[in-house]
Amino acid sequence: MTGMDDESVFVMNYSKALQLVGFFVVFLNTAQPAYAYLDPGTGSIIIQSIIGGIAAAATFGALYWAKVKAFFNRIFHKEPNDSNSNTK
Amino acid sequence: MTKPAILDGSFRDPAGQVHELGGRIFRTVTQYGASAFSKVHATGFLTALADAGDLVPYEIVHDPEITKLFPHAEYVLEHKRLDYISYPYEWPFSLLKEAALLHLSIAIQALEKDIVLTDASAYNVQFVSSKPIFIDHLSFKPYTDREYWVGHRQFCEQFLNPLLLRAKLDIPHNSWFRGAQEGITNEDLSKILRLRHKFSLNILSHVVLPARFQTRARNTQLSGTKKISERKGIAKATYKSLLVQLKKWISTLQPKNMNNSTWGSYAEDNTYDDNENKLKAEFITEFIQSTKPELIYDIGCNSGAFSEVALKAGAHQSIGFDFDKIAIEKAFKRATDKSLNLLPLYLDAANPSPNQGWQQSERVGFAERASPDAILALAFEHHLAIGKNIPLPQVINWLVSLAPNGIIEFVDKSDPTVQAMLSMREDIFPHYTQSSFESALSDCAAIVKTNEITKNGRTLYWYKRV
């Protein structure tokens, strides 16, 4: 025998059952229909979020840079070129 | 009609299954998959893909005789049966690369039409001759705003990582992929890549960092990591740039060290002189014209030269098998350069692809896959009989069991190739003689014709199974 008394076996089973219930609650919450077929994997989702973030930052940066250029163009009385016309 | 059988290997997708019925192939669409399919079908995108030869053409079946057999299906599609099924662990590097590029190209075109692929399984690509074709009509669904590329990890495991294994470390993917049916994980590949590889932004962002995040998420399981439904997703432009960037990168990948291979220089190698090749070509031509096979197996196809002869003599399709990684690359190049109906695949004849996967029936093994009408086994038997110590009668039995007609070349012990094989080992093959070859072949087949093509005793045997 393993040396465990009946009670400790019960406690273990109970906590295991709780874990299992917890797992299913989490699983059901996570299971969105659109993603149900394939587990995309946490690693992939995080890297996509980061790449998305960098892309967004780059886009923001580009817009910001265009604004800065437009500002200086105004100061030096230059006509902004066509590609920057939306930042006037 | 009898109850249609679900084909093993198509059970994972809740959107539908593939069935075989009297030799015809049907794909049922379940309630789960019906909405996505009908929306995607209505855009005409699938038809356009099929017209371009990138997707197996399909038709929606309306015949009540057929549809009543699938009472739970929302749609029944029928498509053409493919001539031969092959798996990514049998593809040479170039075929896997072609399949990867097709997958990405379809994903990019789809996204432009507001459609996305629901997975990135390499098993969804098959080959017609050496051209890849997408086979899963239910892998498409309408794009939802700011969704992630759900198939990214699967794409990396089943396409990118096996390619990188060969391109960066010169290890063919075949054995590993055959063992691990889902491909090569980012975590495993990450461990064996050298530091210098990890400075590449592409490798960092598609292999190393996802592996790191995956490991970390596993260690903090169910607590720290945000659920996908709580995340804000990525912009469509980011989604597209992921696909475009990967496609650009993969199109530049090449096998490392293309020259370091046993049979790489076959075509230039002069243990085979021109007269010998001429005699072989004549013998094959006569054999093909007489037996008129549709499908042939070219076992030990090398660079595919004799498959080419057989196809030009009238064979419809050749599947070339070889265990040499460079030889099958060359055969692929021959097939594409000359538009041959030749599919070169990796095969270790002493250990062919088994029935495997779930319930050992998800992926069909070499022997059950197809029934070729004829085989060519030129300069092959000695690799099993001498190289792998397989008794000569067993080698012959196995070859004859593959097809009712064929050509087997006997390579005598005095031949330089066999001499080279024996140069480092004891000759434990006293029974490896032409007469024992003949008697073993006569036991299971009729010998229709023979031709001795070298003075060293290389001889072609044309057999007909009895």
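**Exercise 1. A helix pair within chain B**

How near do the axes of α5(B) and helix α9 (residues 236-252) of chain B come, and at what angle do they cross? Classify the pair and list the contact residues.

*Solution.* The model is a predicted one, in which local features need pLDDT of at least 70, side-chain atom pairs count only at pLDDT 80 or more, and totals for chains, interfaces and linings use all residues. Residues are numbered from 1 along each chain as its sequence is written, chains are lettered from A and ligands numbered from 1 in the order in which they are written, and side-chain values use heavy atoms, with hydrogens and water left out.

Step 1. Fix the terms. Helices (H or I, at least four residues) and strands (E, at least two) are DSSP runs, numbered from the N terminus. Axes are lines fitted to C-alpha atoms, for helices over the stretch in contact, and angles run from 0 to 180 degrees between N-to-C directions.

Step 2. Take the geometry. The axes of α5(B) and α9(B) come within 10 Å and cross at roughly 30°.

Step 3. Classify. Angles under 35 degrees count as roughly parallel, over 145 as roughly antiparallel, 65 to 115 as roughly perpendicular and the rest as oblique. Therefore α5(B) is roughly parallel to α9(B).

Step 4. List the contact (heavy atoms within 4.5 Å). α5(B) supplies Phe155(B), Leu160(B), Leu163(B) and Leu164(B), and α9(B) supplies Leu246(B), Trp249(B) and Ile250(B).

Step 5. Give the hand. A crossing is left-handed if the near helix is turned anticlockwise from the far one by less than a right angle, and right-handed if clockwise. α5(B) passes α9(B) in a left-handed crossing.

**Exercise 2. A helix pair across the chains**

Describe how helix α2 (residues 42-75) of chain A meets helix α8 (residues 201-219) of chain B.

*Solution.* Step 1. The two axes come within 7 Å and cross at roughly 120°.

Step 2. That angle makes α2(A) oblique to α8(B).

Step 3. From α2(A), the contact uses Thr42(A), Gly43(A), Ser44(A), Ile46(A), Ile47(A), Ile50(A) and Ile51(A). From α8(B), Ser205(B), Leu209(B), Pro210(B), Phe213(B), Gln214(B) and Ala217(B) take part.

Step 4. The crossing of α2(A) and α8(B) is right-handed.

**Exercise 3. Another pair in chain B**

Do the analysis for helix α15 (residues 392-402) and helix α17 (residues 434-444) of chain B.

*Solution.* Step 1. Their axes come within 9 Å and cross at roughly 40°.

Step 2. α15(B) is therefore oblique to α17(B).

Step 3. Leu392(B), Pro393(B), Ile396(B), Asn397(B) and Val400(B) of α15(B) make the contact with Ser436(B), Phe437(B), Ala440(B), Leu441(B) and Cys444(B) of α17(B).

Step 4. The hand of this crossing, α15(B) with α17(B), is right.

**Exercise 4. Helix α1 and its cover**

Check the length of helix α1 (residues 31-42) of chain B, then find its buried residues and what covers them.

*Solution.* Step 1. The expected span of a helix is 1.5 Å times one less than its number of residues. For the twelve residues of α1(B), that gives 16 Å. The end C-alpha atoms are 17 Å apart, which agrees.

Step 2. Buried means under 20% relative accessible area, exposed over 50%, partly exposed in between (1.4 Å probe, protein chains only). Gly33(B), Ala34(B), Ala36(B), Phe37(B) and Val40(B) of α1(B) are buried.

Step 3. Their cover includes β3 (24-29), α2 (45-51), β4 (58-60), β5 (75-79), β6 (115-117) and β9 (140-142) of chain B.

Step 4. Gly44(B) follows α1(B), with a positive phi near 80°.

**Exercise 5. Two positive phi values**

Place Asp170(B) and Lys292(B), and decide for each: buried or exposed?

*Solution.* Step 1. Most residues other than glycine have a negative phi. Asp170(B), not a glycine, has a positive phi of about 60°. Lys292(B), also not a glycine, has a positive phi of about 45°.

Step 2. Asp170(B) sits in the loop between α5 (152-169) and α6 (174-179) of chain B. Lys292(B) sits in the loop between α10 (274-291) and β10 (295-299) of chain B.

Step 3. Asp170(B) is buried, at 17% relative accessible area. Lys292(B) is exposed, at 64% relative accessibility.

**Exercise 6. The chains as wholes**

Profile chain B and chain A.

*Solution.* Step 1. Chain B has 17 helices and 16 strands. Chain A has two helices and zero strands.

Step 2. In chain B, 55% of the 466 residues count as buried. In chain A, 18% of the 88 residues do.

Step 3. Of the contacts in chain B between residues at least 6 apart in sequence, 71% join residues at least 24 apart.
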